[in-house]
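This briefing covers one protein structure and its ligand. Start with the ligand site, then turn to the domains and to some local details.

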Amino acid sequence: MIDNKKVILAIESSCDETSVAILVGEELKCNIISSQIKEHIPFGGVYPELASRLHVEKIDYVISKAVQEANVSFEDLDYICVTKGPGLPGALQIGMMAGKVLSGFLNIPLIGVHHLMGHIYANEYIEKIKYPSLAVIISGGNTELVLMKDLLNFELIGQTLDDAIGESFDKIARKLDLPYPGGVNIDKLTKDRTDIELIKFPKPHIKGFDVSYSGLKSAVSRMIDEDIKNNLLDETRVLQYAYSTEVHLIDQLLNKVFLADKTYNIKQIVFGGGVSANSYLRKQALELGKKNNVEILIPPLWCTTDNAAMIAIAGKHLIEKGYFSSLKCTTNPSLELELPYED
Ligand code: KG4
């Protein structure tokens, strides 16, 4: 165990948030997030080159603000944790360079952290994970079911065969002329509504614990085009498409989640990633958890989108198990979860 006075500074820059957090022992002193969402809206999604430029512009300011808010000095820092991957290549590099500079100048250890490991361990700001656990990582770029028999022990048992769940939300929302990020705006439209008629979409029959979303995307897209041609795409119809998309994406996922629960007899299902903010998912997961007698852990809303607090708490586990990086370490845009990873 690292002692309760050790100070971790964590950096996250894998996509469209520049974030720095400071964790002292168990206490999260600050979690500064500079979001780029507004800048990416005109492009209907994250524009990678713009993301890199904005990280360069913001990173030093966010680091200074974090140190100031946590009321620590640079000399107080004991460890630097940085997202190593997966993510956008240019965006990852900026956080890593800042982390290496701090680690090198302060002569303190550097720890490369897996972004999805961060999403999983973000839950420990609420409660410690119990093993064996099933981690369900659902974000803009990932849809993964990961069996965790123990701390930092990851086995990928299911994933999307094509589009990620967040990507599917965003693509269908764009087709409906809803602004980026589409998942957030679909949720806003459908939240607390119980009066929307469901459209039946074809259900894929995929073996094991994998899911597939590209068929749904194509089917919805064709139906919307047909409606536009016939002048039928009014507000009620948009609402129907939004709700039906949400139900189909999430029900398919939860079917596989509870199938895995039965197969592996797990103690806890742990959610993580941007899509875990979805209201329908949160409600259904809790209800199904009760019905199937398995504990459900969903991160607090503040910790569902990308942030450095999650990198700090995952990094703390890596430090305790002795996983350190050198100053020569690289980022890896398609880093896999299983440890150890290459420097
Ligand atoms: O984890 P995240 O912030 O970034 C990465 O992809 O790493 O996830 C972003 C994704 C986007 O696709 C966004 O539309 C989706 O999460 N998302 C949601 C909700 N909030 C964010 N999808 C459905 N309902 C939400 N409430």
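The ligand is surrounded by 19 residues. Gly140, Asp170, Asp187, Gly274 and Asn278 are the closest of them. The model is a predicted one. The protein divides into two parts, domain 1 (7-120 + 305-320) and domain 2 (128-298).

**Ligand site**

- Three glycines place polar backbone atoms by ligand oxygen atoms: Gly140, Gly166 and Gly183.
- For Gly140, a polar backbone atom is 2.8 Å from an oxygen atom of the ligand.
- For Gly183, the distance from a polar backbone atom to a ligand oxygen is 3.1 Å.
- For Gly166, a backbone N or O atom lies 3.3 Å from an oxygen atom of the ligand.
- Gly140 thus appears twice here: it is among the closest residues to the ligand, and its backbone is in polar contact with a ligand oxygen.

**Domain layout**

- Domain 1 is built from two segments, 7-120 and 305-320.
- Domain 2 is a single segment, 128-298.
- The centres of domain 1 and domain 2, taken over C-alpha atoms, are 27 Å apart.
- Domain 1 brings 12 residues to the contact, and domain 2 brings 17 residues.

**Domain interface**

- How much area is buried between domain 1 and domain 2? The value is about 1300 Å².
- Carbon and sulfur atoms give 75% of that buried area.
- There are 0 salt bridges between domain 1 and domain 2.
- Between the two domains, 2 residue pairs are in polar contact, both at pLDDT 80 or more.
- On the side of domain 1 that touches domain 2, α4 (115-121) and α10 (308-320) each supply at least two residues.
- Helix α4 gives the most to this side, with 4 residues.
- By type, the residues on this side of domain 1 are 7 nonpolar, 4 polar and 1 charged.

**Salt bridges**

- The whole structure holds 14 salt bridges, with 0 of them between domain 1 and domain 2.
- One salt bridge joins Glu49 and Arg53. Their closest N and O atoms are 3.4 Å apart.
- Both Glu49 and Arg53 sit in helix α2 (residues 48-70). They are 4 residues apart, about one turn of the helix.

**Backbone details**

- Where does the loop with Pro86 lie? The loop runs between β4 (79-85) and α3 (89-106).
- The peptide bond from Gly85 to Pro86 is cis, and its omega is near -10°.
- A cis peptide bond also links Tyr180 to Pro181, with omega near -5°.
- Pro181 is in the loop between α5 (165-175) and α6 (182-190).
- Two elements next to that loop hold ligand-contacting glycines: Gly166 falls in α5 (165-175), and Gly183 falls in α6 (182-190).
- Leu152 has a positive phi, near 60°, and is a residue other than glycine.
- Leu152 is placed in the loop between β7 (143-148) and β8 (155-159).

Note on methods: Residues numbered from 1 in each chain as written. Predicted model: local features only at pLDDT ≥ 70, side-chain atom pairs only at ≥ 80, totals over all residues. Heavy atoms only, no water. Domains from an automatic or database assignment. Contact = heavy atoms within 4.5 Å. Buried area = accessible area lost by both parts, 1.4 Å probe. Salt bridge = Lys/Arg side-chain N within 4 Å of Asp/Glu carboxyl O. Polar contact = N/O pair within 3.5 Å; in protein donor to acceptor, adjacent residues only side chain to side chain. Nonpolar A, V, L, I, M, F, W, Y, C, P; charged D, E, K, R; others polar. Near = heavy atom within 4 Å.
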